[in-house]
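Here are a few notes to go through with the model open beside you. Take them one at a time and look up each residue as you go.

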Amino acid sequence: MPYSKCTPPKLLIVVDYEVTVAVLDFLRTGRLLPKLNFTHVALISKVKDPTNMTQLRPISLCNVIYKIGAKVLSNYLKLILNDVIGVHQSAFVPGRMIFDNSIVAFEVLHHMHNRTHGKLGFQALKLDMSKAYDRVEWGFLETIMNNMGFAPR
């Protein structure tokens, strides 16, 4: 039979029983075996000869079981993101891009610079958010999530 007349093979995904048990246990208990909850970080150069750390991009190499569990959790969170993230937030919502903030900031500063009348003043603040995720107060985040109705686990 010519290749063009063959039906394409059906996609078959086989997950080993132990992987399924480990992921389901992680989702049920919130605990992952220490040997599975381990990540290697590799630094990939952004330029030919990097001279400082900002010229390197970190890549996380996680265990597959960890990745499956994280993907399942993120798919559940996608269902409620619009309910828990404010309309003024720009990240984590499909269709919004974090660099939109830069465009808005440029437009605001352009308007402030070209303003020719009016008595009201304007003020702009530049905040360094490059390491915002490194400074999360986990207790605060836990309190907020509990107040939103998330389970303590």
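The points below go from the overall layout to the inside and then to the surface.

1. Keep in mind that this is a predicted model. Its secondary structure adds up to 5 helices and 2 strands. Walk along from the N terminus and you'll meet the elements in the order α-β-β-α-α-α-α.

2. How much of the protein counts as buried? Just 8% of its 153 residues do. As for the outside, about 14,200 Å² is exposed, and 63% of that comes from carbon and sulfur atoms.

3. Now look inside. The largest nonpolar core is made of 5 residues, namely Val-23, Phe-26, Leu-32, Leu-36 and Ile-65. Try centring your view on Leu-32: once you skip neighbours within four places in sequence, Leu-32 touches Phe-26, Asn-37, Ile-65 and Tyr-66. Two of these partners, Phe-26 and Ile-65, also belong to that core.

4. What about contacts across the sequence? Take the contacts with a separation of 6 or more: 35% of them are between residues 24 or more positions apart.

5. Back to the surface, where Val-41, Leu-43 and Met-53 form a nonpolar patch of about 310 Å². You'll find Met-53 in the loop that runs between strand E1 (39-45) and strand E2 (56-62).

6. Why does Met-53 count as exposed? Its relative accessibility is 56%, and the cut-off for exposed is over 50%. Met-53 therefore counts as exposed, and it's a handy residue to check by eye in the patch with Val-41 and Leu-43.

Methods:
Residues numbered from 1 in each chain as written. Predicted model: local features only at pLDDT ≥ 70, side-chain atom pairs only at ≥ 80, totals over all residues. Heavy atoms only, no water. Patch = residues over 30% accessible without salt bridge, like charges linked within 9 Å, V, L, I, M, F, W, Y side chains within 5 Å. Areas by Shrake-Rupley, 256 points an atom, 1.4 Å probe, with all protein chains shown as cover. Salt bridge = Lys/Arg side-chain N within 4 Å of Asp/Glu carboxyl O. Helix = DSSP H or I, 4+ residues; strand = E, 2+ residues; numbered from the N terminus. Buried < 20%, exposed > 50% of the residue type's maximum accessible area, 1.4 Å probe, protein only. Contact = heavy atoms within 4.5 Å. Core = buried A, V, L, I, M, F, W, Y, C linked by side-chain atoms within 4.5 Å.
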